[in-house]
Amino acid sequence: MDKLRRVLNGREDNEELGLTSQVLDATSLSYSTRVKWFVICFAAGILCSILGSALLFVPNGIKLFAVFYTLGNIAALCSTCFLMGPLKQLKRMFEPTRLIATIVMLLCLILTLCSVFWWEKRGLAIIFCILQFLAMTWYSISYIPFARDAVMKCFTTCLS
């Protein structure tokens, strides 16, 4: 369990804590608090996405769908900030292995709301929500070692 904590905090086994690290550790959230808030924020994100999907079938519910679905994805994305911290999350989001997925995901979040509120194109909003889902999935599996390779190999095997 300690190894998992060190990995999530960004510390390595042989690294000694300096004064700055000790101060930051003393003022940061405890591990159990981080996990609790991660679960709460992630569950809120899932709840918002499900609520948004249910609101899709309400007359003129496309705007509520887009807002709740986008807020759900943002909450799910922000939930990982509790595990590794916001700065480390941002650094990892824009690493070369995740850069394209991050940019596509953020663009789809923005374009979903633009298509509903400014352009008023319902079909486009649904397309952007689907792209949000795909980009968020691709971004999420980038944290699992060799998961992207396995997914790509599975799809190439199925398609050939």
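**Notebook: loops, a buried glutamine and the whole chain**

I looked up Phe146 first and found that Phe146 sits in the loop between helix 7 and helix 8 (147-159), where helices are DSSP runs of H or I with at least four residues, strands are runs of E with at least two, and both are numbered from the N terminus. I noted that this is a predicted model, in which local features need pLDDT of at least 70, side-chain atom pairs count only at pLDDT 80 or more, and totals for chains, interfaces and linings use all residues. I also wrote down that residues are numbered from 1 along each chain as its sequence is written, and that side-chain values use heavy atoms, with hydrogens and water left out.

The phi of Phe146 is near 65°, a positive value in a residue other than glycine. I marked this because most residues other than glycine have a negative phi. Phe146 counts as exposed because its relative accessibility is 68% (exposed means over 50% relative accessible area, buried under 20%, partly exposed in between, with a 1.4 Å probe and protein chains only).

I then turned to Asn60, which is placed in the loop between helix 3 (31-55) and helix 4 (62-84), and whose phi is near 55°, again positive in a residue other than glycine. Asn60 is exposed, with a relative accessible area of 61%.

Next I checked Gln132 in helix 7 (residues 122-141), which counts as buried because its relative accessibility is 0%. Leaving out residues up to four places away in sequence, Gln132 touches Tyr69, Thr70, Asn73, Cys108, Leu109 and Thr112, a contact being heavy atoms within 4.5 Å.

Last, I recorded that the chain has eight helices and zero strands, and that 28% of its 160 residues count as buried.
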